[in-house]
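Dear colleague,

I am passing on a structure that is new to you, together with some notes on its core and its aromatic rings. Please look it over before reading on.

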Amino acid sequence: MKPSSTRGMAPHFFTRWAAAAALVFFATPPALANTVLYTGTSVIFEGSTTGSNGPLGARATFTSGTAGTLKLLLENISPPASKAPEDLLTSFYFNVLSGTTTGTSPPLTYQSALGQVYVTLKDFPDFTATWEPPPPAGGTVTYPAPPELSNLQAFNTGDRTWQFRDGLSLVASTPPLAFGVGTVGNSSLAPNNFNGNIVDGFDFGIFVGEVSTQPLDGSLLVKDSIHFEFAGFGGFSLAQISPHGVFGFGTDPESIISVPEPAGITTLVGACIAWLGWRGRRRMRAALAASGGLWSACLVAAVAVALLAALPQAKAVPIVNNEFDFATGPLGWTPTPVGKPAGNVPPATDGKRWAHGTGQWSVNWSPVTGPLVATGNYLTSPLIDPAGPLEGLPVDAFRISFAHKFNFSSSLTIPPAAGQIVYSINGGPFVGLAESAWSTGNVNTPEPLFGPNPLWPTYVGQTTLVVPSFTPPSGTYSDLFPLVNAGASFTGVTPGYSPTGGTYVPSVAVLDIPLQVITDFRVRLINANLGSNCPADAGWDVRYLQVDFAAPEPGSFLLAAAGIGGVAGCQLLKRRRSR
């Protein structure tokens with residue numbers, strides 16, 4: 001038997017390694033992403049990471065209480081039992097803003113923090129205790145039966161439990177996180193740390209399981225979870241809790257879970273592949289190039305990376321930065337009456353145009369005598385720019401949410417009056433929204449991409465979403481001016497409508513668009529009427545409108561570029577070899 005040569009083995013080994021790596025990437029289910037879930041009655045942050053002793057997990061659940069209070073349930077949900085201080089959940093940072101990601105924060109004050117304290121022992125079962133903070137100096141541990149929850153608020157030197165801080169600026173998101181609770185110093189996060197003289201050490205960190213290791217022997221720790229409560233939340237809703245949070249484990253902290261995670265795991269995988277390739281290039285280059293295996297192995301790896309980029313990627317957190325509350329003024333929207341070009345019909349007369357007043361934009365009219373007069377009115381937004389963290393990034397989805405009421409009632413097949421909302425991207429023509437873009441059901445049901453809706457309960461009086469019921473078919477421009485063909489339009493009358501009062505209703509459209517950088521996005525509301533066929537006391541009133549944007553997770557861009565570049569490199573290598 002002839003001995004195997006390095007020249008013969010190396011290319012086959014590398015080819016098999018690349019194929020096996022690609023198989024592992026596709027066969028292994030992706031780890032559960034660190035997520036934020038808005039349910040309407042709660043906001044849940046949940047995430048995981050790998051610490052020095054194994055997997056770590058944490059959950060924070062916000063709910064609203066009575067008398068303007070905000071409640072927080074903070075849980076250590078790590079799968080294994082805690083073994084060392086770095087396995088303890090010891091801090092959490094969050095934010096609340098009037099515009100969810102913009103605006104002002106509420107004046108939260110620390111009301112309570114309750115949890116079950118345990119004395120943890122390496123060689124014996126952990127047992128319950130109750131902690132009484134100073135005075136007396138150093139605090140007091142008692143052992144009541146049945147067990148009692150401990151007050152874990154820390155305000156003064158020597159309290160040793162959980163401190164609450166506001167006015168922070170932890171740059172884990174835009175804007176930075178302003179609030180935090182913690183029972184350790186977190187010195188690596190200064191100036192967003194906690195006072196070591198107040199919190200002291202890792203005592204009262206949240207542990208799971210049964211302690212069986214020396215590092216946690218004889219400690220005072222909190223089992224599983226802590227219930228916090230804050231006053232000063234009045235006037236805010238759960239929907240205004242910002243979709244970013246940071247959990248800390250250990251005292252420095254040694255591990256951090258950022259929710260949502262800043263980049264997809266596939267980005268890390270691609271980086272690891274690149275690093276491994278760089279490390280091994282000197283050893284493998286000669287053998288692989290000589291055998292012809294380099295091109296095939298390189299192609300397998302590059303295609304694997306490109307295909308990973310093509311898999312569904314998590315969306316970046318939507319940016320809520322285009323909020324128009326018309327109760328505060330016209331906010332730069334422009335009304336424009338328009339006449340029908342065919343027949344030289346002039347624009348509508350005064351009194352039948354969009355006008356701002358009584359906290360809303362309105363267009364109201366009554367039937368007029370004489371022949372049909374097809375006129376319309378535009379109400380066009382100012383420039384809307386997906387600014388903030390999405391500045392300069394391609395976006396591929398947007399959401400339009402608005403509170404309105406209308407009377408377009410008619411029994412005719414082609415309605416004599418209708419309302420339509422259209423959009424324009426980067427100076428292009430205004431385009432209608434198809435019926436499929438409009439959300440149905442309950443406004444409190446969060447969209448999978450954008451989360452909770454800002455409309456309920458501040459701006460609307462009902463939870464059922466109202467959708468357009470009429471779509472102008474193509475080729476009917478002459479009859480339905482100025483409606484945009486194939487764009488869904490509102491007709492009929494909303495519940496409780498009144499031209500001088502009544503109830504606003506919610507409508508929401510979510511649309512995926514081709515990936516592109518948007519620097520100029522505009523919304524237009526179109527009112528159309530045919531004069532003498534209009535219903536009495538007809539009108540359309542708009543109280544509030546908000547536009548949100550979302551972008552693909554940035555890691556997908558990097559992977560796609562790496563994959564395409566890798567394939568191109570492989571082709572270049574093949575051409576050089578063929579010369």
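The notes below cover the nonpolar cores first and then the ring pairs.

This is a predicted model, in which local features need pLDDT of at least 70 and side-chain atom pairs count only at pLDDT 80 or more, while totals for chains, interfaces and linings use all residues. Residues are numbered from 1 along each chain as its sequence is written, and side-chain values use heavy atoms, with hydrogens and water left out.

The largest nonpolar core (buried Ala, Val, Leu, Ile, Met, Phe, Trp, Tyr and Cys residues joined through side-chain atoms within 4.5 Å; buried means under 20% relative accessible area with a 1.4 Å probe, protein chains only) has 43 residues, and those touching the most other members are Phe62, Leu74, Phe92, Trp162, Phe228 and Phe247. Its largest share, 4 residues, comes from strand β3 (residues 54-64), strands being DSSP runs of E, at least two residues, numbered from the N terminus. Apart from this core lies another of 37 residues, including Phe406 and Ile421.

Across the whole structure, 37 aromatic pairs are found (ring centres of Phe, Tyr or Trp, the latter by its six-membered ring, within 6.5 Å; stacked under 30 degrees between planes, edge-to-face over 60, tilted for the rest). Phenylalanine 62 and phenylalanine 94 form a tilted pair, with 5.0 Å centre to centre and 55 degrees between the planes, and both residues are buried. Tyrosine 423 and phenylalanine 521 form a stacked pair at 6.0 Å and 10 degrees; tyrosine 423 lies in strand β24 and phenylalanine 521 in strand β31, so this pair ties together parts 98 residues apart in sequence.

With best regards

Note on methods
Buried < 20%, exposed > 50% of the residue type's maximum accessible area, 1.4 Å probe, protein only.
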